[in-house]
Amino acid sequence: LPDRSTYCGKRDYALLCLSIDTAIRPSEALSLNVEDVNLKEMVVLVRASVAKTRKSRTLPFSIETAKALQALIASRPREWETTLLFANYEGDRLTVSGWRQRLKKVYAPKLGLKRLSPYDLRHDAALHFLRNGMNPFALQTIMGHTTLDMTKRYIALAESDIREAQEKASP
């Protein structure tokens, strides 16, 4: 949905891709600096200083996210003094509240959704990781949770997921 001919559209697209691809916390994503992104290795470093748990972690991402991040970085105005990866249109910090409002007012209506929040992206990413076969312990690490109990809170399996799992695993 984002208009990728504008800086804000490129930023939104890259932030959507990164959020869905890594299940990164919104506050962590919006605290990333350009140097935290390694496009060659296709990983992003969540520094301990910005991580909720105060433990750094490295999150791999897909080629689509790499392309989106590369386009975003290339489109940043040279006069900006900020090192933040995701800045607003003036080069200042994009806040979680600002990102939430953008998702709610710009993208949710276009998708026919009553709501869409940064944490919805994180929750959906977690659920899709599991549906696609990710080990719950790997998901715990990616999400930056200290316990598996916290990871379980994010996952609400639909009845169809339970039926499919039963059919697949039934002796």
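Which residues have the most contacts inside the largest nonpolar core? In this predicted model, they are Leu 18, Leu 69, Phe 86 and Trp 99, and the core they belong to has 35 residues. Helices α1, α3 (63–75) and α4 (96–111), along with strand β2, each put in at least two residues. The biggest contributor is α1, with 8 residues. As a rule, nonpolar side chains in soluble globular proteins tend to be buried together.

Leu 18 is a good place to start looking around. Skip its neighbours within four places in sequence, and Leu 18 still touches Ala 23, Ile 24, Ala 29, Leu 32, Val 44, Phe 61, Thr 65, Leu 69 and Phe 86. Two of the names from the opening answer, Leu 69 and Phe 86, turn up in that list. There's also a second core, separate from the big one, with 7 residues, among them Ala 125, Phe 129, Met 143 and Tyr 154.

Met 143 takes us to helix α6, which runs over residues 136–143. Here Met 143 is buried, and so are Leu 139, Gln 140 and Ile 142. The four of them span an arc of only 165° around the axis, so they sit on the same side of α6. The general helix geometry is worth keeping in mind: with 3.6 residues a turn, residues three or four places apart point the same way in an α-helix. Turn to the face that looks away from the buried side of α6 and you find Phe 137 and Thr 141, both exposed.

What does the buried side of α6 pack against? Its buried residues lie against three helices and a strand: α1 (7–22), α5 (118–131), α7 (148–154) and β3 (57–60). The two ends of α6 deserve a glance as well. At its start, a side-chain oxygen of Asn 135 comes to within 2.5 Å of the backbone nitrogen of Phe 137. After the helix comes Gly 144, with a positive phi near 80°.

Now for the charged side chains. How many salt bridges does a search of the whole structure find? It turns up 6. One of them pairs Glu 28 with Arg 57, at 2.7 Å from N to O. This one ties together distant parts of the chain, with Glu 28 in helix α2 (residues 26–29) and Arg 57 in strand β3, 29 residues apart. Are these two partners buried or exposed? Glu 28 is buried, because its relative accessible area is 0%, and Arg 57 is buried too, at 9%.

Another salt bridge joins Asp 36 and Arg 47, whose closest N and O atoms are 2.9 Å apart. Asp 36 lies in the loop between α2 and β1 (37–38), while Arg 47 lies in the loop between β2 (43–46) and β3, so to speak a link between distant parts of the chain, 11 residues apart. Asp 36 counts as buried, at 5% relative accessibility, whereas Arg 47, at 22%, counts as partly exposed.

Then there's Arg 115 with Asp 120, where the closest N and O atoms are 2.6 Å apart. Arg 115 is exposed, with a relative accessible area of 55%, but Asp 120 is buried at 15% relative accessibility. Finally, Arg 11, Asp 12 and Arg 102 are joined into one network by salt bridges that share partners.

Conventions
Residues numbered from 1 in each chain as written. Predicted model: local features only at pLDDT ≥ 70, side-chain atom pairs only at ≥ 80, totals over all residues. Heavy atoms only, no water. Buried < 20%, exposed > 50% of the residue type's maximum accessible area, 1.4 Å probe, protein only. Helix = DSSP H or I, 4+ residues; strand = E, 2+ residues; numbered from the N terminus. Arc of directions from axis to C-beta. Contact = heavy atoms within 4.5 Å. Polar contact = N/O pair within 3.5 Å; in protein donor to acceptor, adjacent residues only side chain to side chain. Salt bridge = Lys/Arg side-chain N within 4 Å of Asp/Glu carboxyl O. Core = buried A, V, L, I, M, F, W, Y, C linked by side-chain atoms within 4.5 Å.
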